[in-house]
Structure formats: C-alpha cells, structure tokens
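Colleague: Take me through the shell around the ligand in some detail, please. How many of its residues are nonpolar, polar or charged?

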Amino acid sequence: MSARDAILAEIRKNRPAGEHPLPAVPLFTPLVGDDLVAEFGERLKRMGGRIAEPGADDVFAGVRERLDGARVVASAVPELAGNRDLTAVARPRDVDDVDVAVVRAVFGIAETGSVLFTQDQLVVNAVAYLAQHLVVLLDPADILPNVQAAYLRPEFGQAAYAVLHTGPSATADIEGVLIHGAQGVRSLTVILCPRGGAAARG
Amino acid sequence: MSEELHPREAEGIVNPVVRAPDDESERGQDGRRLDHAEGTSKPIKAPAQREPQPRGAKIRGDRPIDQGEAAERFLAAPLHAAAHDERLWDLRRKRDTAAHGIPEWEELRELASQIKQHTLSNLDTYLEQFEAAARANGVHVHWARDGADHNRIVLGILRDHGARTLVKSKSMLTEECGFRHFMEGEGVEIIETDLGERIQQLDNEEPSHVVVPAAHKTRFDVAEVFARTLGTDPDNDDAHYLAESQRETTRPYILNADAGLTGCNFAVAETGTVVTCTNEGNADLSGNVPKLQIHSIGIEKLIPRVEHLGVFLRILARSALGSPITQYTSHFRGPRAGTEMHYVLVDNGRAARLGMEEFWTSLKCIRCGACMNTCPVYRRSGGLSYGATYAGPIGLIIDPTFNKRKYSTLPFSSTMNGSCTNVCPVKINIHEQIFAWRKVLAEEHQIPMLKQGMMKAAGAVLSRPAAYRAAIGAADSALKVLPRFAVYNPLNTWGKKREMPDAPRQSFHAWYRENRMKGGAK
Ligand code: SF4
C-alpha cells in the first residue's frame, strides 16, 4: 500500500466519534471606526510601518530623501521610473542590490495595518524581501475594514502567491529587543495615493 | 478606537532586576516605543554578569526524561530563570490585552475549535481535496508516513535537482522529523534563516519554544555562540549588532541556495494553498528565491476554506504575541514560472492520534505557544528541560504519543492550574488531557509507584472542583510568580522532593505580601 493510501485508511479507521458539523462563520462587526484611513495608519504605525501623504506635486515627497539617497531603485508602479527594470530580471537573487523597491498594494486592511500583494504587483516576488526598503502605494479607497473582509476577496483563490505585509521585517529573538530588518526589508512606508494618479517628477 | 492598542506598562513586572535601564527597541513614526512581533513591551536586559546557559534535559535513549533535574539546573541560573520568566509573562500579558480588545474573542475560539474538529473528523476528504487542488495548481504532492519517510522524500527531490544546499524557515514539523541531522549525514547543507532558529542551529540545540526558539538564551549567550561560529566580536553583545551579523552572514546562503523549504501554519483544502505566518520574512525568501521550493505540512494543518483564515488569522498572532497579525502572512499556491513546487504531507503519528478518544483534540493545536507562556512550570524551567520537540503544556499531551516511555514523566510537570486551557485559542482541554495521560501512564505502569500513589490523591481532589480550586488557587496571582505553595503542595508531583535553590522560604501569605502587593500590581 502506498503511504498515501495507508494514511487515508488509518484516518478512516480512526475517525473520531460524534457529530462535528462545520459552523457557519458570522460576519463580525469591524473593530475599527468609520475612518478606515486613520485606523489603517494608526495600526500600521504600531506594527512598525510608516505612513505618508502624497505631496501636492510629488507623490513621493514623503520618501524623496530615501529615493534620492538610493543607488538602485526598482519600481513596479507607473508613478515612478526607477533604474532597475523588474521585468528584465533573470533570477530572483539578482535583485539583492536593490535599495528601494516601489510597489502598489491590491488592498489594505484597517484592523491590522496590512497591505496585500500578489505576484502581479511584485513582478519579482523576492524584491519585496531582498530590497533594503519597501515603498507601497495604496489607494485610500482600497482599504477594507478587517481581516475577515479580506479573506472574502478573490485574490486568495487565484494568485499563485499572495502575501499580507504588516510593517517591515521584524525580530525580537534576542532578549525581546525589537529590531526591524531581520531578513527582509528594514522599513515599509505606505503612501496613500489613488490609482491612476499623476506621474511624479524624477 | 474600540481596541486597546497599548498595554499598561507598570503592570505585571515580575523580575525588576532584568529590566533594561535604557530602551533599545524600535520606535514608531510618532516616537512611541513599539512592541509588535515578539518584542517585549519593555525590553529585558540582563545585567552584565556572565552566567553559563543551563543546558537542557539529559537524553539517554528511551529512558524517561527527568524534567525536574533539568528544571533545577535552569532555576540555579538566576539570570536565565528571571529573564525567561519575565519575557514569556510579557507575551502572556500582551495576549490578554489583545484578546480583551475583541468582543467576539470567545466566539472566535469556539468557531476555531469547531472548524478544526470538523476538519479532523473528515480529514481524509479534506486531504484528498487539498491534494487535487494542489495538483491542479501544478504542485507536486508527496505523502510521508513518518519522519524518516519525510526526510527520504525531501532528499529524493533534492537529488533529482542536484541540489546540495537548502535554506529553510522555522518548522516544528521538521524538528519532529530530525530533518537537519538527517541531511547533515547526507551531505546536504541546511541553513536555518529565522534568527532564533539560526542561533539554536549554530549552538547545536533544539528550539526551546514553538514561537521564540531562543527565548532561554541571554544576549551574552548569543554573543558567545556568534563569536564562536560566525566570528563576531565576542565582547559586543548589542542585540542590534548580533541580529545584523546574522542577517549579513545568512544572506549569501539565501541567494545561492539550490532549494528552499518552509513549514505550514494552515493548508487550505479548497484552494490547495499553504499559509505561513512569520515576522522576519524568511519564509518568503525560502519560497521565492531558490528555483526549487518545498513545503512540509503536518496533515492536521488542513482547514476547509479560505474564509476560515478569517477566523484563524485573527486569533493566532494575538494568542502568540499580542499582535493583531504577524508581519507576514504568506499564501503559497502555485510555482513561479520556471520553478518547481513540492508539498510533503506528513503523518508521523497524527492519524493514530486521531483514534485516541481522550487525546485526538490535541490535533487542533495551531502552535501559538500561549499555553507555554502562561504555564508557571514552563516559564520557570525553560523549554529544553522537557527533552522533547514540544515543551510546555501542549508538549505534555502530545509528546507521549511519540514515545510513551521516554516522555512518561512529562505529564507530571504541571501544577494543574488550568490556565493553559483558558488561553488556548482552539479550546483544547489541555489540563484535563494532562490528567488523563497520568491515568493512562499509571495504568500501563509507565510511571514509578511513587507517582502512582500521588495520582490517587490528585484524583480525589480533581473530582471536586471547588476543593481543587481552593487547593491550587486558580487566579492569575498563582501564575504570575510560581509560589512555593503551588509547587510544593502535596498534589503537585512536579515540585515533590525538589527544593529549588533560590526559592525563598516563606509562607504563602508572606510571599503574597512581598510580591503581589508591591509595584502597583493589583
Ligand atoms: S495547545 Fe492551544 S495554546 Fe498551546 S500552542 Fe496549541 S493552540 Fe496554542
């Protein structure tokens, strides 16, 4: 008997007694207030992320210093050109030298301060971890109230890879001292920027 | 805001001696000190005084583990004992704050429990559904009866691709399988990429906690390990320096690895998705950088549908860390273009456990560690004292299913206060199962006569809940600091015959006055 059949047979033999119906999951009232943008920002900050408003004539005003100081900028958004073309990357490891990656989130979650990406937004999945810093564009209209609402979205059944980022990479494995940038990005900044906004200068 | 986001700091400090005079943890955009991930709400810094790290239980083949002996050695290292106790109690407090912030908390626990019980009692169907969905997504699916099977299958996959190096993220399942040790013998280089797990790998130790693998080590221990293995400055014990050293030395392995492996927090039958919940981003690196990706999945990790993640994700990180979510929640469903993706579904005793009437619900466990953080015995003895892959209350009830003789004494390492059951997000009746194991092991003569005698006394009291509560003290006050009363009362076999080196000799009331009434604790 194959391992598969042996395991399934033992499971059938050992089926626990009693009825164990699958419960219906009610839609809970969101924990957050009506101002989803404010709630999102507050919770993102608590998870170590940063939040920025787009500047009047420069979407990236809040991270301009970081962008100007960067040698390699990989942009997956039309709002910024960058100098590393992600569509031309041969192997994921080749984005190891990226200083700042710029991507757009599918949506945000106010309850947790999370943003969702799939392989379509990231182009090279690894760039969201190998880059030193991550800048995320999020349309304020794309903020969902809670985690429960997020899991009713179709992306999870469609994308080969979908990931919720909540702030930057973090660890406190040494004496509980919180450190950002454990293996992944050292910072994550969300810019509240509507889709289809004007292209930034530079 | 309806949810309280910041626990009151003054509360709950148990060991002021290990509190940091200054604050090294990250601050947020608005200058507030942050305590997400597993960060303590007030960082711990051990005073600059060297104290060798107490090592774990002595393993002698199948001979019963003497947890008490190892616990004694841990308690004899006051710095380690205090720092460990403090850090995990902090996680427990953060968990309370997070749980109290959600009005539907109890409802979520009940739902999570019911969803798991439903899935486990139809596990064959859900596994078949998961397998079919994964295959349709282009994932190769393998089945392993036990740990040896798992290791052989992974080795086969690696050999097929000529892979000689593998980066992995934290996975308790691979610890169960002895994966790293096996691969060493096969000439495959395995690199742990989680900081805590890497520390443990470099020090040749098992993880001591399911969420914080190196919780039992001080910064001095880590500085010593890194100086010895990574060539860092032995006199620099700054946590930032040490973490950065690990990042810099691990990155080349990640970039050059032939394969990557992750564990699995949830496997969604409907979509064939593997979900991992991490803080460091290392599971995403393991899954997204190498050309070959492998996910090891315990068969009990199944849940029926994506919508159920909306229940489990809301309780997992809150129970584990007091955070609303982990930094990364990753959903792996299909291979990247030009790469291969493999799932290894592992039984390793789970199908058999399903048939154990009193113990099958232990399979609901989502490995949040809350029961460990709240357990006074665990906090004061360190995870390695259990000499098993799983420590703390959850370990007491699943370790004996792996080896009845070797782990026969573990169900006695409990004060039976029931706190583990109260915090468990999937409502496993942990303390009742601990007691049930004592009975089973006594009946099967796996435990010494002395403990069998004590079983009778404990049984008499446990059957009268009021008397039991009065005897043990079910309130938090009995948990926060482990009082002599709880350890040495005649019903508790854990403290029996063991005088703890530094335990003060005072009455419970004197202890209470000194510890509970000061520092503003209510
Ligand atoms: S038994 Fe419950 S509390 Fe303990 S680790 Fe498992 S899920 Fe968490």
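Modeller: The shell around the ligand has 10 nonpolar residues, 1 polar and 1 charged. Here Ala, Val, Leu, Ile, Met, Phe, Trp, Tyr, Cys and Pro count as nonpolar, Asp, Glu, Lys and Arg as charged, and the others, Gly among them, as polar. This is a predicted model, where local features need pLDDT of at least 70 and side-chain atom pairs pLDDT 80 or more, while totals for chains, interfaces and linings use all residues. Numbering starts at 1 along each chain as written, chains are lettered from A and ligands numbered from 1 in written order, and side-chain values use heavy atoms, without hydrogens or water.

With a heavy atom within 4 Å as the cut-off, the shell takes in C365(B), I366(B), R367(B), C368(B), G369(B) and C371(B), then I394(B), and further along C424(B), P425(B), V426(B), I428(B) and I430(B). The charged one is R367(B) and the polar one is G369(B).

The lining of the largest cavity has another mix: 15 nonpolar, 12 polar and 9 charged residues. A cavity is a set of points on a 1 Å grid over the protein atoms alone where a 1.4 Å probe fits but cannot get out, and its lining residues have an atom within 4 Å of a point. Among the 36 lining residues, K170(B), V210(B), N265(B), C277(B) and T278(B) lie nearest the centre.

As for the two chains, 115 residues of chain B are in contact with 78 of chain A, contact being heavy atoms within 4.5 Å. Together they bury about 8500 Å², 56% of it on carbon and sulfur atoms; that is the accessible area (1.4 Å probe) lost on putting them together, summed over both. Q29(B), R247(B) and H331(B) supply 9% of what chain B buries against chain A, more than any other three residues.

Conventions: 1 Å grid on protein atoms, 1.4 Å probe; cavity = no way out; pocket = protein on both sides within 12 Å on 5 of 7 lines; lining within 4 Å. Buried area = accessible area lost by both parts, 1.4 Å probe.
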